[in-house]
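Let's take a walk through a protein together, beginning with one residue and widening the view step by step. Have the sequence and the structure ready as you read.

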Amino acid sequence: MRILANDGLVDEAVNFLRREGFSVDTEKRDYEDLLGDLPDFDALLVRSATKVNRELIEAATTKRGKLKIIGRGGVGTDNIDLQAAKECGVVVKFAPHGNINATAEHVIGLMFAIARKVPFAHHTLKSGIWHKARFKGVELQGKTLGLIGCGRIGQAVANKAKDLDMKVIGFDMQRWMDSEVDYMDSMEEVLDHADFVSINTGGAHTLIREPELERMKSSAFLINASRGVNVEEDALYYALKNGRIAGAALDCYEKEPKREGEPFTSKLAELDNIVLSAHLGASTANAARKTGMEIADVVSKYLKYGDFRQSVNVGQTVIDEGIDLYTIFITHEDKPGMFGKFGTAFGDLGVNIQENNSRRLDGLAQTIYTIQEKPTSEMQEKLLEIDGVRRVVY
Ligand SMILES: NC(=O)c1ccc[n+]([C@@H]2O[C@H](COP(=O)([O-])OP(=O)(O)OC[C@H]3O[C@@H](n4cnc5c(N)ncnc54)[C@H](O)[C@@H]3O)[C@@H](O)[C@H]2O)c1
Ligand SMILES: O=C(O)[C@H](O)COP(=O)(O)O
């Protein structure tokens, strides 16, 4: 099977996939080339740069199109049309663990950068001018960090901030046990009290507009290493220009260039109370290795064994399907044709099969069918009539 890694993949992951028997192509394709080439690949691996829209997915899944899975080497899947993939029978998986620390460290780094004005001091010294009084900063110790979104990355930021003697408050609809976060009941409460606000929700919603910026302390800093869309850039521009808030540090933007070396334009860059980085949260060798290995592993497992774990557009397990399910256990001879007969028996009884799992016993097989109807004695008898079936229980 063929895998296209369109946004790069560490050598270790490429080698792993080759050892697993896949052929791996890492040559980056632009959109037009992808449209033509993708139908010949079984899997597409991307980071955030490649936009995988409906047109591309449909083109790759027409009758002869082979695309079966899209793997996102990272967390955010907002660059992939998950619904189109679902409609076309393409599973999307992600690899959310490898870049937690890298991103959390970047958030803390951005907080220091904006609080101590390091980039501005660096810039003036590089241009040959000594400024000391102008770059008086603030310390993080004793300040309140307010997290909007307290998931994997938010929690990691909270732990690091605690080690810096910060107070950590946060808002999330889901609360982690044993968290360093002092949970608030609303985002507004966080905005009211925080000296540093860090967005870590991801997703496609705009959370910070003018009213939210108005609520923040005038001495507060906003950090966004989540997604550009989470903060309305126009509103942020005016809040920074008018001194409504003290500063901001951004890693993500409403519009991001797709390729290395492309121009970046934003009026935010005119301001001198903002620090900008080019979506660098996950850009460490460690994160690339961990994330690359993670996505290679879960994509390989889908193609080789039909394993749905770490899927984001379909249930990872039957439990996630959200419907009433029942199990029926069949011990049978391990020979060809058995599953066809089981399928026919269930079909004749009008029973919809959700999933079946099977393991070899000594000379026999143990199969569990997960079905959408409650098992009955009629079902049991019909299955027992099949030649080679030893036992049926439910
Ligand atoms: N800058 C980077 O390079 C970089 C790297 C990795 C991840 N990210 C971004 O960080 C995001 C978070 O990653 P994660 O692994 O922590 O994801 P996660 O799913 O573990 O955490 C996100 C949390 O945000 C919460 N949330 C969602 N909407 C919310 C809202 N309106 N208000 C409050 N909470 C809300 C969710 O309940 C969840 O707990 C990713 O989705 C991605 O967009 C950026
Ligand atoms: O969602 C993510 O994992 C981050 O935004 C990282 O994106 P990248 O892999 O393109 O650096």
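Keep in mind that what you see is a predicted model. Our starting point is S300, and a good first thing to ask is which residues S300 is in contact with, leaving aside its neighbours within four places in sequence. The answer is F16, L17, E20, F22 and Y305.

Is S300 buried or exposed? Its relative accessibility is 2%, and buried means under 20%, so S300 counts as buried. As for where this residue sits, S300 belongs to helix 11, which covers residues 285-305.

Two of the contacts of S300, F16 and L17, lead us to a second element. Both of these residues are in helix 1 and take part where helix 1 meets helix 11. How can we describe such a pair? Two packed helices are described by the angle between their axes and by the distance between those axes. For helix 1 (residues 11-19) and helix 11, the angle is about 20 degrees and the axes lie 8 Å apart. Angles under 35 degrees count as roughly parallel, and therefore helix 1 and helix 11 are roughly parallel to each other. Their crossing is right-handed.

Now look at the residues that make this meeting. Helix 1 brings E12, A13, F16 and L17, while helix 11 brings R289, G292, M293, A296, D297 and S300. Sorted by class, this contact of helix 1 with helix 11 has five nonpolar residues, two polar ones and three charged ones.

Let's move along the chain to another pair. Helix 12 spans residues 338-348 and helix 13 spans residues 377-384; these two pack at an angle of about 150 degrees, with 10 Å between their axes. The crossing of helix 12 and helix 13 is right-handed. On the side of helix 12, the contact is made by F342, A345, F346 and D348, and on the side of helix 13 by M379, K382 and L383. By class, the contact of helix 12 with helix 13 has five nonpolar and two charged residues, with no polar ones.

Finally, step back to see the whole protein. It has 13 helices and 16 strands, and its C-alpha trace spans about 90 × 45 × 35 Å along the principal axes. Of its 394 residues, 45% count as buried. The protein exposes about 20,200 Å², and carbon and sulfur atoms supply 48% of that area. Among contacts between residues at least 6 apart in sequence, 65% join residues at least 24 apart.

Note on methods. Residues numbered from 1 in each chain as written. Chains lettered and ligands numbered in written order. Predicted model: local features only at pLDDT ≥ 70, side-chain atom pairs only at ≥ 80, totals over all residues. Heavy atoms only, no water. Helix = DSSP H or I, 4+ residues; strand = E, 2+ residues; numbered from the N terminus. Buried < 20%, exposed > 50% of the residue type's maximum accessible area, 1.4 Å probe, protein only. Contact = heavy atoms within 4.5 Å. Axes fitted to C-alpha atoms, helices over the stretch in contact; angles between N-to-C directions. Parallel < 35°, antiparallel > 145°, perpendicular 65-115°, else oblique. Left-handed = near helix turned anticlockwise from the far one by under 90°. Nonpolar A, V, L, I, M, F, W, Y, C, P; charged D, E, K, R; others polar. Areas by Shrake-Rupley, 256 points an atom, 1.4 Å probe, with all protein chains shown as cover.
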